[in-house]
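Here is a walk through one chain, written for someone who would rather look at the model than at a pile of numbers. Have the sequence and the 3D view open as you read.

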Amino acid sequence: MKRLLISLACFGVFLIFFVSCYYDNEEALYPTLTNTCDTTNVTYSVTIAPILSNNCTVCHSGSAASGGISLTSYSSVQTVASSGLLINALTGSGVPIMPISGALSACKVTQVRIWIKAGMLNN
Ligand code: HEC
């Protein structure tokens, strides 16, 4: 009986050890490793164009672009951005949120805002 109690106690200690380690994953311990948002080196070619080609141009390109809006060239993106429509679409303000499947990460929206605020350069 005593042995059983001891082994149960050992098992309990083990269990607590495992449960307490559950959240010890890299992401939780070092959020900056995976959640860095580069807000200083935002350029059209490195930051903005990839965001749009990865999330938008599947619908917004070519002659049959959704909503009549193509987001494949700098000049068309610049036009949509300067009218305010780009940010409105990314935030769902007054128009359906884009992408339709759900908002982009806050980081990406912030990067688009930064690029617009800096003058929408073709850099
Ligand atoms: C799955 C297809 C799809 C994807 C992906 C998509 N869109 Fe759209 N988008 C549409 C459709 C369809 C409309 C037209 C909606 C309407 O007029 O009701 C639209 C409309 C728009 C408009 C015009 C809004 C208006 O009412 O004038 C903008 C701006 C826009 N999208 C930007 C984006 C951006 C930026 C992305 C990527 C972050 C994106 N879209 C991703 C399908 C898509």
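Before the pocket, a word on how one is found: on a 1 Å grid over the protein atoms alone, a pocket is an open set of points with protein on both sides within 12 Å along at least five of seven lines, where a cavity is a set of points where a 1.4 Å probe fits but cannot get out. Lining residues have an atom within 4 Å of a point. Grid points are joined across faces, edges and corners, and the volume is the space filled by probe spheres set on the points.

This is a predicted model, in which local features need pLDDT of at least 70 and side-chain atom pairs count only at pLDDT 80 or more, while totals for chains, interfaces and linings use all residues. Residues are numbered from 1 along each chain as its sequence is written, and side-chain values use heavy atoms, with hydrogens and water left out.

**The fold and the pocket**

The chain has seven helices and zero strands, so its pattern along the sequence reads simply α-α-α-α-α-α-α. Helices (H or I, at least four residues) and strands (E, at least two) are DSSP runs, numbered from the N terminus. Of the 123 residues, 21% count as buried; buried means under 20% relative accessible area, exposed over 50%, and partly exposed in between, with a 1.4 Å probe and protein chains only. Contact means heavy atoms within 4.5 Å. Among contacts with a separation of 6 or more, 51% come from residues 24 or more positions apart.

The largest pocket holds about 390 Å³ of space. It is lined by 20 residues, and the closest to its centre are H60, S66, L71, A89 and M98. Helix α6 gives the most to this lining, with four residues.

**The iron site**

Which protein atoms hold the iron atom of the ligand? They are NE2 of H60 and SD of M98, lying 1.9 to 2.2 Å from the iron. Donors here are N, O and S atoms within 2.8 Å of the metal (3.2 Å for Na, K and Ca); water is not among the atoms, so sites may look incomplete. H60 sits in the loop between α4 (44-55) and α5 (74-82), and M98 in the loop between α6 (85-91) and α7 (106-117), which puts the two 38 residues apart.

The six donor atoms around the iron subtend angles of 86 to 178 degrees, so the arrangement is octahedral. Six donors earn that word if opposite donors are over 155 degrees apart and all others between 65 and 115. H60 is buried, because its relative accessible area is 11%. M98, at 24%, counts as partly exposed.

Right after M98 there is something to look for: a cis peptide bond joins M98 and P99, with omega about -5 degrees. P99 is in the loop between α6 and α7.

**The aromatic cluster**

A pair of aromatic rings is described by the distance of the centres and the angle of the planes. Rings of Phe, Tyr and Trp (its six-membered ring) pair if their centres lie within 6.5 Å; planes under 30 degrees apart count as stacked, over 60 as edge-to-face and the rest as tilted. The structure holds three aromatic pairs, and here are two of them.

| Pair | Centre to centre | Angle between planes | Type |
|---|---|---|---|
| Y44 and Y74 | 5.2 Å | 85 degrees | edge-to-face |
| Y44 and W115 | 5.5 Å | 35 degrees | tilted |

Y44 in helix α4 and Y74 in helix α5 are 30 residues apart, while Y44 and W115, in helix α7, are 71 residues apart. Ring pairs link Y44, Y74 and W115 into a cluster. Y44 and W115 are both buried, but Y74 is partly exposed at 23% relative accessibility.

**Two more residues to click on**

Q111 is in helix α7, and it is buried, with a relative accessible area of 10%. Beyond its neighbours within four places in sequence, Q111 contacts C37, D38, V42, T47, I48 and I51. Q111 and T43 are 68 residues apart in sequence, with 8.9 Å between their C-alpha atoms.

M120 lies in the segment after α7. Its phi is near 50 degrees, a positive value in a residue other than glycine. M120 counts as buried, because its relative accessibility is 13%.

Key:
Tetrahedral: all angles 85-135°; square planar, octahedral: opposite > 155°, others 65-115°.
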